[in-house]
Amino acid sequence: MRRFAAVFLPLLVVLTLAVWRAQGPAPKPLNAQASEFSAARSMSVLRELLREGVPHPLGTPANAQVRERIVARFRSLGYETQVQSRFACTARPACGQVENIIARPQGATGDAVVLVAHYDSVGAGPGASDDGAGVAALLEVARAIRGERRRNPIVFLVTDGEESGLIGAEAFVADEALSRDAKVMINVENRGTYGPSNMFETSPHNRWLIRQLARGLERPHATSLFYAIYNVLPNDTDVTVYKRAGKASVNFAAIRGVNWYHTPLDDLAHVNERTFQHHGDNLLAAARAFAAADLDARSGDDASYFDLLQFTLIWWPAGATIWISVVSLVLLVFAARKTNPRAMTFGVLAMFTAILLALFGGGAVSWLTRLRSEGVNWVAHPTPSVLAMALAGIAAALCAAALFRKRSEERALLFGAAFVWHAIAFTLALTLTGASYLFLVPAVIVTLCALAGANETTMSAVSATAAGIVFFPLVILFYDTLGGQMMTVIAIFVAILFTLVAPLFARLRYAAIAAALALVCAVLALVQPAVSPERPRSISLAYVDDATRTPAFVTQVLTPSLSRAAHFTPASPALTPWYSGRQWSAPAPPLAVPRVEMSATRTGERVTIVVRSPRHANRLTLVIRGGTVTRVNGVPPAPRPGRWRERGGGWNFAIANGVDAMTVEVLASGPLEAIASDLTFGLPAPALTRARDASSAVPQGDGDVVITRVRTRI
């Protein structure tokens with residue numbers, strides 16, 4: 001019992017701390033000190049900015065209204081405020097007429113620290129957290145620092161058109177006069193509605209940035225794992241644009257509450273004031289740190305870093321990671337020289353067995369928990385499923401240790417596992433350096449315990465606690481990050497952690513108890529509804545008036561209530577030939593809306609296509625096959641990022657937001673297929689939307705839309 005308490009009590013303390021700290025700091029009240037960030041003050045600003053609580057996408061009157069309020073707020077604080085109006089394009093190209101807001105301290109010149117958020121929302125929801133909270137946080141920071149004299153001025157950039165494809169960021173960097181002095185960009189974003197303010201992305205060669213953040217942030221939540229993964233994924237944020245422009249950048253975001261992201265439930269009622277406070281504290285501290293720093297300082301390499309349960313940020317030069325792992329491994333070999341090599345080999349085998357058992361056993365449990373999920377990736381009640389995965393991981397580690405216990409001993413099993421931890425850390429140091437610390441830190445702790453001659457209980461307790469410190473904050477976020485379809489990752493990570501514990505409790509009956517509890521949790525997950533009114537699924541509806549076919553309602557998700565409301569059948573691939581997913585369509589009564597217009601002229605390989613919307617639609621889209629878009633309204637696409645991902649199965653796009661017409665220049669050597677459409681937000685089909693709402697569903701992204709479409713060959 002003493003051994004159990006010695007090992008599991010520290011782990012329980014670390015887990016409790018990780019869960020508690022993940023909630024964020026307590027929000028500061030309205031009467032907080034003037035130099036501090038107050039979530040209560042910022043929340044009152046947000047309520048004023050979004051008082052109507054309606055969506056405000058790029059180019060809409062509602063967006064103009066929000067912009068005017070932001071400009072008025074900055075000017076009332078004494079900042080020189082201007083609006084940059086520019087038609088800009090991304091690499092796709094997604095284009096639009098954006099109106100960026102730039103606020104500077106009176107008379108400020110020279111190299112600047114720029115705090116960034118975006119004020120537009122998606123068509124489906126009011127964007128209170130994404131990114132109204134970011135804008136309100138910038139205004140509260142602007143209030144807190146006004147009058148402060150620092151080495152570098154702090155400038156505020158509130159971009160437009162982020163939700164339409166990062167268009168505002170492209171417009172800013174395209175204007176050399178505006179962006180020249182922007183040396184450090186600090187962006188705040190939300191991919192959910194609550195959770196810790198996570199510093200998940202930086203520009204390359206970030207060691208000097210991390211040094212400043214480690215000194216400045218009071219409650220850092222950051223890991224080079226996210227930085228490393230983000231560098232290889234084809235995902236983009238505004239910071240992607242700033243990095244391409246050579247700007248030093250850091251990016252903060254909260255990622256929990258995905259059910260409400262980009263939906264009508266991203267409203268004021270779902271803004272989390274703890275997340276608000278954490279964002280604000282991070283923005284204010286980072287702004288002050290960089291405002292006092294040498295902005296010409298640079299480093300030639302990255303840092304490996306992680307936060308110690310948000311108490312402090314631990315970092316070292318990334319290039320040192322591989323040498324730390326080698327030295328630690330050599331010292332462990334020395335410390336383990338008197339341990340039976342054959343017995344340690346069984347420890348290595350136990351580690352790999354635990355991972356395989358977690359992979360397949362966890363996969364089976366995950367499949368079981370999702371039997372009634374109705375295809376929903378983020379269900380309404382995920383806790384039983386998450387617990388099932390964690391218990392499956394514990395069962396895997398205990399079972400693997402029990403299988404090899406008679407051929408080995410506790411110390412040898414621990415050393416064998418530690419060799420594998422070192423091997424994983426070394427491999428990651430070569431391939432994904434920012435992730436290596438996860439395995440390096442516990443591995444080094446085992447080495448230090450071995451050199452100190454610690455007994456098995458001490459070695460297990462100390463190394464497992466260290467592993468818990470780096471693992472638990474991530475495991476807490478895994479479900480919100482990945483969803484139910486990839487829950488097996490939780491089982492694998494927990495199994496790896498428990499290879500430092502299992503040798504001391506290597507009994508099959510313990511593994512059986514953990515497995516039985518996992519099954520109980522899986523059954524509890526099965527009896528929970530997949531969705532609820534508070535945590536609904538996402539279903540958007542479209543009315544499509546295509547000149548080549550009869551009008552139709554279209555959806556990508558079909559529920560029984562929608563099936564009763566209209567005669568849905570699988571949609572023809574010809575309806576949207578660039579989309580490879582599944583769709584359903586149903587006959588729709590004609591709406592009295594004028595159809596989009598398209599005209600084209602061709603001179604050799606050069607084709608000019610003009611798309612107009614007689615109904616002044618929110619968005620124009622041209623989809624072509626057989627050619628390449630070279631300009632939209634005279635503007636060339638932005639340079640493609642290094643992680644470019646082709647979409648549309650050979651179809652290329654040109655999109656323009658907030659304009660009534662777009663002129664697209666195309667280079668085509670042969671016949672050109674062209675499909676033009678216009679889109680407005682909102683759907684005048686109350687019976688259908690009521691049927692959708694009865695399915696505990698809400699629109700997401702663009703939301704419900706009306707589309708008209710024409711086609712031609714050129």
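Helices (H or I, at least four residues) and strands (E, at least two) are DSSP runs, numbered from the N terminus. Residues are numbered from 1 along each chain as its sequence is written, and side-chain values use heavy atoms, with hydrogens and water left out. This is a predicted model: local features need pLDDT of at least 70, side-chain atom pairs count only at pLDDT 80 or more, and totals for chains, interfaces and linings use all residues.

**Exercise 1. Place Ala 566 and state whether it counts as buried or exposed.**

Step 1. Find the element. Ala 566 is in the loop between α19 (560-565) and β13 (569-570).

Step 2. Recall the cut-offs. Buried means under 20% relative accessible area, exposed means over 50%, and partly exposed is in between (1.4 Å probe, protein chains only).

Step 3. Apply them. Ala 566 counts as buried because its relative accessibility is 15%.

Step 4. List its contacts (heavy atoms within 4.5 Å). Not counting residues up to four places away in sequence, Ala 566 touches Ala 586 and Leu 688.

Step 5. Check a distance. Ala 566 and Val 501 are 65 residues apart along the chain, and their C-alpha atoms are separated by 57 Å.

**Exercise 2. Describe the surroundings of Gln 277.**

Step 1. Gln 277 is found in helix α10 (residues 273-291).

Step 2. Its relative accessible area is 0%, so Gln 277 is buried.

Step 3. Leave aside neighbours within four places in sequence. The contacts of Gln 277 then include Pro 25, Phe 37 and Ala 39.

Step 4. Look at one of these partners. The side chain of Gln 277 reaches the backbone nitrogen of Ala 39 at 2.9 Å.

Step 5. Compare sequence and space. Gln 277 and Ser 197 are 80 residues apart in sequence, with 8.9 Å from C-alpha to C-alpha.

**Exercise 3. Find which residues touch the most other members of the largest nonpolar core.**

Step 1. Define the core. A nonpolar core is a set of buried Ala, Val, Leu, Ile, Met, Phe, Trp, Tyr and Cys residues joined through side-chain atoms within 4.5 Å.

Step 2. Read off the members. The largest core has 92 residues, and Trp 421, Tyr 437, Leu 438, Phe 439, Phe 471 and Phe 498 touch the most other members.

Step 3. Find the main contributor. Helix α16 (residues 456-482) gives the most to this core, with 14 residues.

Step 4. Zoom in on Phe 471. Beyond its neighbours within four places in sequence, Phe 471 is in contact with Trp 421, Leu 438, Phe 439, Phe 493, Ile 496 and Leu 497.

Step 5. Note the other core. A second, separate core of 60 residues includes Ile 70, Val 71, Val 113 and Val 158.

**Exercise 4. Say what joins the side chains of Thr 223 and Tyr 437.**

Step 1. Thr 223 lies in the loop between α7 (207-216) and α8 (224-230).

Step 2. Thr 223 is buried, with a relative accessible area of 4%.

Step 3. A polar contact of 2.5 Å joins the two side chains, Thr 223 and Tyr 437. A polar contact is a pair of N or O atoms within 3.5 Å; within protein, one must be able to donate a hydrogen and the other to accept it, and residues adjacent in sequence count only if both atoms are side-chain atoms.

**Exercise 5. Sort the unusual backbone spots at Pro 93, Asp 131, Leu 166 and His 616.**

Step 1. Know the background. Most residues other than glycine have a negative phi, and most peptide bonds are trans.

Step 2. Take the cis bonds. One joins Arg 92 and Pro 93, with omega about 0 degrees. Pro 93 is in the loop between β1 (80-89) and β2 (94-104). Another runs from Asp 130 to Asp 131, with omega near 5 degrees. Asp 131 is in helix α4 (residues 128-145).

Step 3. Take the positive phi values. Leu 166, not a glycine, has a phi of about 70 degrees. His 616, also not a glycine, has one of about 55 degrees.

Step 4. Contrast the two. Leu 166 is buried at 12% relative accessible area, whereas His 616 is exposed at 55%.
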